[in-house]
Amino acid sequence: MAHSIMEPRDDMEFESHEAAYSFYKEYARCMGFGTAKLSSRRSRASKEFIDAKFSCIRYGNKQQSDDAINPRPSPKIGCKASMHVKRGKNGKWFVYSFVKEHNHELLPAQVHFFRSHRDADPVKSDRLRKRKNLALVSKLCNAYQSFDSLENYMRNPHDKGRRLVLETGDAQMLLEHLMQMQEENPQFFYAVDLNEEHRLRNVFWVDAKGMEDYAKFGDVVCIDTTCYANKYKIPLVLFVGVNRHVQPTLFGCALIADDTVFTFVWLIQTWFVAMGERAPQVILSDQNNALKAAVAEISPGTRHCFCLWHILDKIPRQLEYLSLWHDAFMVKFNKCIFRSWTEAEFEKRWRKLLDRFNLREVEWVQLLYHNRMHWVPTFIRDISFVGLSTTSRAESVNSWFDKYVHEETSLREFIEKYKVILEDRYEEEAKADFDAWHETPELKSPSPFEKQMSLVYTHEIFKKFQVEVLGAAACHLKKENEDERAATYVVKDFEENQNYLVEWSESKSSIYCSCRSFEYKGYLCRHAIVVLQMSGCFSIPSRYILQRWTNAALSRHAIGEKLEEVPSKVRRYNDLCRRAIILGQEGSISQESYNIALHAIKEAMKQCANVNNLVESETQPIGLSVVTVSEPDEVNQSQEQSKNQAADSRASTRSKAPRKSDLGKEKAASENHSGKNGKGLSEGRSENTHNMVPTIFHNLAPAQFHGVASMHLHENQLPQ
């Protein structure tokens, strides 16, 4: 694109300074940088414009007073790139001076994120760009791991006639959509479950990007059954996580016929298969006994917890007769749940709550107490929820789906919106990545904690952490007791008018606050920060820096080996990512440039591996023995190599998947098999699970859907 428009020259003329700016802006769009009108000047006599200067948005240096209350991020880093135009005697405008060189990388692929280019050709480019991004991310995903065929694990003797209730034609439309998605990307995964009458009962699908995200951000997963529980027109179940920018990411979708334990066992087992049978650390869901039993059966090592907002949302309906005393009840309930620092304190307050409001015989309240280990903060203080467990639906990441699906949304409408949903997700993530690379967050205090994490956290997490750093000024601490194990402090939070208990062990570098911010949000609270500061510790301990919240979240290697190395490692990682984008664009223009880039990548990978192995063998801190590379070509070479390694990895992974010719043979074999027994079950699909689709949909001719298999569960195939 950089060659599709001419560079500014001295012999160019323009009708007006606006026309000159339009030319410079188009030139900037092709080159990959944002623009701004730097200055302009009018004639004192005629009052007409006679002089104007346009520049790169990174032109000049940031100027801001030290007492700024709310400083804004600034992209200015001293770039000199600009175009100066003047009006000649003939009324035409000419290029007076032009500075081409930038002191930063240009980003043609992300240029639409710059403010000056956001409105450029919106109708033509916006949707095409989103689709291009969708296709691009999908191609970068890893292939599936092979697994054995799943057979019948458990069958409800009473569910023979249960099936997914669909409108006429929806079954065929759904299948065609899933097949089309897989045709566009063979790594798209979907599977169906048929009842004994060979009618569709459950269906699950996930795109390749969802599987890729799960590998990095699948530590905590929320299974959202809101649509089914609230009797929406489509019984939709969502598997939702959160990425490094605190944005929701979709790990899978399903339509279910019922909410029995048998359905959830099939659903979770199928989801596990799609995710390479890697179990999450925590699963969050509604208070559903069937789902609880299914999670315990399929993944006993996963902690299953209930979302707080689900429980709080049910209180008005379950305890409707308490409506006159609702406010008084909620005050006592919240105190019991959120202000009980010990299990004994919770038990005492819970009994008083039951007696005061006469709740001992209420079945739902009894069930809440029975399941207290799954939702009461006091009993789950060792679990990290990374912001997925909140006290209201509006605060949860699940709420992003509400703008796409409501009670009257039909399956056909949802299928039409599905690609738009994915495109919007990828666009928002790409925008957040762009901002992280392009802008440095502003510091609002002299705190060493704020400075430390500004170089590590993503923008969104840093903003949240920054609030805690500033809030530490409103906290006062008092030491309660101290022994050789730990010191205990009571921290008074004047903003919340509440006391919190903080335990700090200097020998173990461990800290715990009764507000449980780290457990629920994944970063330390103001109460812990003020204790660290007063204890003489001026950096966040590495165990409290979750890699999933850092700019290096997608790195294959952990960043927390040496805390002092974290900022520099993140900076190096970000720089290589930026340069990888440019290399990919240049190297893909021709076969010759591709070969050059590929060769450079391989050589750089060998050199980096040798240096890293040498460093590890000498047990020296990471980065001290690494050769410093400052020349652009050398840095590009290192970056090219990492990109090539990823390409080689994808190629080797895809080589394990069946070739299209093999799939064709399997399809033919499945057709023959279907003709013999009438069920159409494929025997040869164990290594290609995303082709598991039903042979027979109700009201549809079996011949239309040959070569596909229903999916059942086997007791011996449960993930360990």
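1. Two strands are taken to pair if DSSP finds at least two bridges between them. By that rule, four strands of this predicted model form an open sheet in the order 13-14-15-16, and the pairing is antiparallel. Strand 13 (475–482) and strand 16 (510–513) are the edge strands, and each pairs on one side only. From one strand to the next, the twist averages 20°.

2. Look next at strand 15 (residues 498–505). It pairs with strand 16 in the antiparallel sense, over four bridges. In strand 16, Cys 513 stands opposite Val 502.

3. There is a second open sheet, this one of seven strands. Its order is 6-7-10-9-8-11-12, and the pairing is mixed. Strand 6 (189–194) and strand 12 (303–306) stand at the edges; each has a single partner strand, so one side of each is left without a neighbour in the sheet. The twist averages 20° from one strand to the next.

4. At one edge of the seven-stranded sheet, strand 6 runs antiparallel to strand 7 (residues 200–206), and six bridges join them. Leu 194 stands opposite Leu 200 in strand 7. Helix 7 (residues 289–298) packs on the sheet. It touches strand 8 (220–224), strand 11 (282–285) and strand 12. The direction of helix 7 makes about 165° with that of strand 12.

5. Helix 9 (residues 326–338) passes a length check. At 1.5 Å a residue, its 13 residues should span 18 Å. The end C-alpha atoms are 17 Å apart, which agrees. Which residues of helix 9 are buried? They are Phe 329, Met 330, Phe 333, Cys 336 and Ile 337. Seen down the axis of helix 9, these buried residues fall within an arc of 130°, so they line one face of the helix. An α-helix has 3.6 residues a turn, so residues three or four places apart point the same way.

6. What covers the buried residues of helix 9? The cover includes helix 8 (308–318) and helix 10 (343–357). The face turned away from the buried side carries the exposed residues Asp 327 and Val 331.

7. Cysteines deserve a separate word. The structure holds zero disulfides. Cys 305 is in no disulfide; the nearest cysteine sulfur belongs to Cys 307 and is 9.1 Å away. Cys 305 is buried, with a relative accessible area of 0%. Why is there no bond between Cys 525 and Cys 515? The sulfur of Cys 525 is 3.5 Å from that of Cys 515, its closest cysteine sulfur, which is too far for a bond. The cut-off for a disulfide is sulfur atoms within 2.5 Å. Cys 525 is also buried, at a relative accessible area of 3%.

8. Arg 58 lies in the loop between strand 3 (49–56) and strand 4 (82–87). Is this arginine buried or exposed? Arg 58 counts as buried, because its relative accessibility is 12% and the limit for buried is under 20%. Leaving aside neighbours within four places in sequence, its contacts include Pro 75, Lys 76, His 104 and His 438.

9. Leu 106 has its place in the loop between strand 5 (93–99) and helix 2 (122–139). At 19% relative accessibility, Leu 106 counts as buried. Not counting residues up to four places away in sequence, Leu 106 touches Met 31, Gly 32, Phe 33 and Ile 582. Leu 106 and Ile 581 are 475 residues apart in sequence, yet 9.7 Å apart in space, C-alpha to C-alpha.

Definitions and conventions: Residues are numbered from 1 along each chain as its sequence is written. This is a predicted model: local features need pLDDT of at least 70, side-chain atom pairs count only at pLDDT 80 or more; totals for chains, interfaces and linings use all residues. Side-chain values use heavy atoms; hydrogens and water are left out. Helices (H or I, at least four residues) and strands (E, at least two) are DSSP runs, numbered from the N terminus. The expected span of a helix is 1.5 Å times one less than its number of residues. Buried means under 20% relative accessible area, exposed over 50%, partly exposed in between (1.4 Å probe, protein chains only). The arc is that of the directions from the helix axis to the C-beta atoms. Contact means heavy atoms within 4.5 Å. Axes are lines fitted to C-alpha atoms, for helices over the stretch in contact, and angles run from 0 to 180 degrees between N-to-C directions.
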